[in-house]
Structures are given as C-alpha cells and as structure tokens.
Amino acid sequence: MSERKKITLPTLFKKVEQGEPIVMLTCYDYPTACFQEDAGIDMILVGDSLGMTMLGYDSTLPVTMEDMIRHAQAVRRGAPNVWLIGDMPYMTYQISSEEAVRNAGRFMAEAGCDAIKLEGGVEMADRIAAIVRAGIPAMGHLGLTPQSASALGGFRLQGKAAAQAKKIVDDAKALEDAGAFAILLEMVPDRLCQIITERAEKCFIISLGSGPNAHGQLLIYHDMFGLYPKFKPRMAKVYGDAGKVIQQGLAQYAREVRARQFPQQENYFGMKDEEYDELLLMLGQS
Ligand code: KIV
C-alpha cells in the first residue's frame with residue numbers, strides 16, 4: 001500500500017486553483033479500490049451504476065441504499081485516502097429534503113464517505129442546500145442523468161440545442177448557489193462544459209464525456225477495461241481489455257480441467273506417508 005496523504009476538500013480546491021486536473025473514477029469493490037488508491041486517483045465515485053456493472057440490472061433504478069452502503073464500505077476499506085463520494089440511489093432524495101439528509105448521512109456514518117452525489121438541477125437545489133446545511137459535502141450531476149433516462153429519451157447527448165444548453169447553465173448556477181462543492185457534467189457538448197467551467201466560482205466541474213475543458217475527468221472503471229460486456233459508450237476510452245483476458249483465462253481453465261491438465265502439483269497439497277498410512281489404518285483400508 002502507498003503512503004498517501006488523505007485527500008480533503010481543500011486539497012481538491014488547491015488542485016483546481018493550481019490548474020491541476022482532478023482524476024476521478026468509479027469503483028465498487030475492495031480489490032479495485034486497492035488498485036485505485038495505489039494509482040493515486042483523487043476522487044472515487046461509488047456510483048449507482050453498480051446496479052448495472054455489478055448487479056446485472058438493466059438500469060440503475062432498482063439499486064437500494066443497502067446495496068450502496070455495502071459497496072461503499074468495501075471501497076473505503078481498499079482506498080482509505082481518496083475523496084470518496086456515495087451516489088444517492090433512485091428515490092432516496094427526490095421525495096423530501098428530510099429523506100435526502102437522512103440517506104446522505106448514512107453514507108457518511110455507515111460507509112465513511114467524504115461526500116454524496118445526486119442527480120438533478122434547479123429542482124434539486126433545495127436538497128443540495130439541506131444536505132450541505134447538515135455538514136455533508138454534496139456534488140451535483142447534470143446533463144445525462146441516468147435516473148431520469150426515461151424522461152430524457154434514453155442515454156443520449158444533452159444540451160445540444162441552445163435552449164436546453166441554457167437550462168443546464170442555469171441548473172449549474174442553482175447547484176453552485178445551493179452549496180455544491182462540485183458538479184459532474186455527463187455527456188453535454190464540450191463548449192457547453194467549457195462555459196459552465198469558466199463560470200464556476202465556488203465549485204469545480206468534472207467532465208464525463210463532456211470534453212477536456214473542465215476541472216477534472218471521470219471515467220466508468222468498467223468501461224476502461226472492457227469489464228461490462230453489454231455496452232461500450234462512445235465517450236469511454238479503453239485502456240486495456242481485461243474482459244478479454246478473463247474470458248481467455250476462463251476458457252483455458254475449462255479446457256485444462258476437462259483434459260485433466262489442471263491441477264498440477266504446485267496447485268495442491270500432499271500428506272506425509274506416515275500420516276497417510278495411519279489414516280488408511282484408521283479407515284481399515286491398509
Ligand atoms: O452511477 C454512476 O456511476 C454515475 C456516473 C454515470 C457518473 O452516476
């Protein structure tokens with residue numbers, strides 16, 4: 001394990017001030033968290049995308065607080081020093097500010113998160129404000145917001161037309177004014193992302209598929225390594241095909257077991273002759 005210093009909100013704002021891009025990834029499990037901690041990732045989002053990538057649902061909507069807490073706890077154990085963000089699942093904050101604060105608090109108390117993220121613009125600004133008032137750092141999420149995919153017409157670019165882009169600029173301002181420390185812009189045009197980044201005064205902007213002109217970048221870990229077989233978004237960059245390596249390994253394992261080539265001697269344990277002989281004696285087989 002590396003000897004990293006704990007990332008804090010001042011650390012992140014210092015990076016922004018110094019023009020150093022913030023590196024953010026999703027993560028859902030302990031071994032991957034260990035890798036990300038060692039790689040020096042700044043911020044981890046335990047995204048409700050785990051409903052699709054880890055639990056095999058068709059959308060993020062069935063994910064519960066219990067699912068999120070369990071995964072966030074595992075990630076925290078593997079990555080003690082990253083700035084850890086718990087993603088508020090569907091209908092855990094939309095109904096009331098009171099529920100939003102209670103569920104945000106669970107991420108902090110039960111999973112050791114540093115902050116939470118929730119989706120939505122001006123209509124969710126009062127939720128962000130209530131959570132921030134409770135002493136919990138909150139991140140906004142605009143553009144393609146997967147929990148509203150049905151209302152948005154699917155997983156598609158948002159803010160292409162000027163009027164829709166203006167609404168996203170207004171939403172970003174409302175979240176910033178409500179106290180969000182950061183806003184994730186998912187799949188909006190690069191120039192819209194640039195405008196919002198240039199206007200941000202009290203928060204920083206993270207891009208997911210929204211171009212380079214933001215304070216930091218987010219990728220979905222499973223997309224980076226070919227680990228989600230159902231779908232590869234255009235915005236994802238594949239840094240290695242771990243999925244292919246795993247599939248090849250599985251096929252080889254099956255072949256070797258069937259051909260009695262596995263296990264080899266180094267894969268199992270022997271017994272001393274005298275113990276073996278005594279065992280046979282005990283069993284009446286000698
Ligand atoms: O759940 C998630 O991983 C997210 C990303 C799509 C940003 O919210």
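**A walk around the barrel and its helices**

Let's start with helix α6, which lies across strands β4 (115–117) and β5 (138–143) and runs at about 165° to β5. An angle over 145 degrees counts as roughly antiparallel. Keep in mind as you look around that this is a predicted model.

The strands under α6 belong to something you can trace on screen: a closed barrel of eight strands, in the order β1-β2-β3-β4-β5-β6-β7-β8, with parallel pairing. Going from one strand to the next, the twist averages 25°. In general, strands of a sheet pair through backbone hydrogen bonds, either parallel or antiparallel. For a detailed look at one pair, go to β7 (residues 204–208) and β8 (residues 216–219), which run parallel and are joined by two bridges. Serine 207 has glutamine 217 of β8 as its bridge partner.

Now back to the helices. Another one to find is α4 (residues 65–78), which lies across β2 (43–46) and β3 (83–87) and runs at about 155° to β2. From α4 you can step to α5, then to α6, and on to α8, taking each helix pair in turn.

First up is α4 with α5 (residues 97–111): their axes sit 9 Å apart and the helices pack at an angle of about 35°. The crossing of these two, α4 and α5, is right-handed. On the α4 side you'll find Met65, Glu66, Met68, Ile69, Ala72, Gln73 and Arg76, and they meet Asn103, Arg106, Phe107, Glu110 and Ala111 of α5. Sorted by class, the contact of α4 with α5 has six nonpolar, two polar and four charged residues.

Next, follow α5 over to α6. Here the axes come within 9 Å of each other and cross at roughly 50°, and that angle makes α5 oblique to α6. The crossing of α5 past α6 is right-handed. Ser97, Ala100, Val101 and Ala104 are the α5 residues in this contact, while α6 brings Asp126, Arg127, Ala130 and Ile131. The tally for the contact of α5 with α6 is five nonpolar, one polar and two charged residues.

Helix α6 (residues 125–133) also packs against α8 (residues 162–178), with the axes 8 Å apart and an angle of about 20°. Angles under 35 degrees count as roughly parallel, so α6 and α8 are roughly parallel to each other. Again, α6 passes α8 in a right-handed crossing. The residues to highlight are Ala125, Ile128, Ala129 and Val132 of α6, together with Ala174, Leu175 and Ala178 of α8. What classes of residue make up the contact of α6 with α8? It has seven nonpolar residues, with no polar and no charged ones.

Zooming out, the domain assignment splits the protein into domain 1 (9–240) and domain 2 (245–282). The C-alpha centres of domain 1 and domain 2 are 46 Å apart.

Two backbone details round off the tour. As background, most residues other than glycine have a negative phi, and most peptide bonds are trans. Methionine 91 isn't a glycine, yet its phi is positive, at about 65°. You'll find methionine 91 in the loop between β3 and α5. The other detail is the peptide bond from phenylalanine 262 to proline 263, which is cis, with omega near 5°. Look for proline 263 in the loop between α11 (242–258) and α12 (273–282).

Note on methods: Residues numbered from 1 in each chain as written. Predicted model: local features only at pLDDT ≥ 70, side-chain atom pairs only at ≥ 80, totals over all residues. Heavy atoms only, no water. Domains from an automatic or database assignment. Axes fitted to C-alpha atoms, helices over the stretch in contact; angles between N-to-C directions. Helix = DSSP H or I, 4+ residues; strand = E, 2+ residues; numbered from the N terminus. Parallel < 35°, antiparallel > 145°, perpendicular 65-115°, else oblique. Left-handed = near helix turned anticlockwise from the far one by under 90°. Contact = heavy atoms within 4.5 Å. Nonpolar A, V, L, I, M, F, W, Y, C, P; charged D, E, K, R; others polar. Pairing = 2+ DSSP bridges.
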